[in-house]
Amino acid sequence: MGLENKVAIVTGGAQGIGMATSMAFAEAGAHVFVVDVDEEAGAELAAMTSAAGHAVTFIKGSVAEEDDVAAFCARVAREAGAIHVLINNAGVMDTADLTERPMDAWDRILGINLRGPYMCAKYAAPHMPQGSAIVNIASTRALMSEPNTEPYSASKGGLLALTHSLAISLAPRRIRVNCICPGWIDTARWKKKSQRTELQHSARDHGQHPVGRIGEPNDIAQACLFLADGDKSGFMTGANIVIDGGMTVKMI
């Protein structure tokens with residue numbers, strides 16, 4: 001397959017892991033459609049990548065809104081002819097006491113983090129030819145938890161199950177569906193200019209990872225490139241890759 005001249009949608013693609021992924025696909029020669037609710041961040045990214053000679057188009061849209069999802073999938077197919085790669089990256093987190101968190105917070109997080117990827121797959125699949133790929137970005141929170149993260153953990157656990165379910169449902173179309181569970185990824189430098197910062201991490205922070213450092217967005221972006229390229233990962237579907245520097249397997 002390769003990625004040259006392929007068409008990729010990256011949701012939540014204007015900042016953080018999504019920004020790194022959008023840039024990586026653009027540099028690999030794909031036409032990238034960045035979907036994000038942050039118009040300022042999307043415009044910045046599109047301008048920066050276009051200046052470098054890459055094909056990047058920003059679409060303002062929310063994966064929580066079915067009309068938005070249907071519209072941007074149809075637009076990409078209409079303008080680019082097909083959708084070869086879908087990166088379901090958009091997500092939000094919430095921390096609150098279980099007994100005090102309002103139920104609309106649960107609904108919002110599940111709506112973006114789980115219902116969103118389902119709708120994106122639903123509306124993108126009819127425009128995806130054989131050999132296409134979907135990559136879902138979950139989290140190690142699907143496998144382990146900190147206190148007060150129930151909606152986020154549940155949504156990411158659900159995304160793991162959605163991954164293997166979609167992999168089976170879309171197998172007759174020869175569309176592969178895989179998942180990545182990132183661990184601690186420092187996204188502070190991968191923001192729009194008005195929010196970009198430089199975080200200082202302690203030796204203890206880095207030392208929690210057997211590889212000796214906290215993760216970076218490109219660690220995840222490179223895995224997305226691998227899973228999207230049928231020449232390299234064509235025998236993989238329904239799989240989950242944990243990319244966390246070994247943090248979840250280290251006994252503390």
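Helix α1 supplies the largest share of the lining of the largest pocket, 3 residues. The model is predicted, so that local features need pLDDT of at least 70 and side-chain atom pairs count only at pLDDT 80 or more, while totals for chains, interfaces and linings use all residues. Residues are numbered from 1 along each chain as its sequence is written, and side-chain values use heavy atoms, with hydrogens and water left out.

The largest pocket (an open set of points on a 1 Å grid where a 1.4 Å probe fits, with protein on both sides within 12 Å along at least five of seven lines) has a volume of about 1200 Å³. Its lining comprises 40 residues, and Ile-17, Gly-91, Met-93, Tyr-152 and Thr-187 lie nearest the centre; lining residues have an atom within 4 Å of a point. At least two lining residues come from each of α1, β2 (31-36), α4 (103-124) and α5 (150-169). Helices (H or I, at least four residues) and strands (E, at least two) are DSSP runs.

Helix α1 covers residues 16-27, and its end C-alpha atoms are 17 Å apart, in agreement with the 16 Å expected for 12 residues at 1.5 Å a residue, a span taken as 1.5 Å times one less than the number of residues. Because 11 of its 12 residues are buried, α1 is largely enclosed by the rest of the structure; buried means under 20% relative accessible area (1.4 Å probe, protein chains only). Among the buried residues of α1 are Ile-17, Met-19 and Phe-25. Just after α1, Gly-29 has a positive phi of about 100°.

Key:
Buried means under 20% relative accessible area, exposed over 50%, partly exposed in between (1.4 Å probe, protein chains only). Grid points are joined across faces, edges and corners, and a volume is the space filled by probe spheres set on the points.
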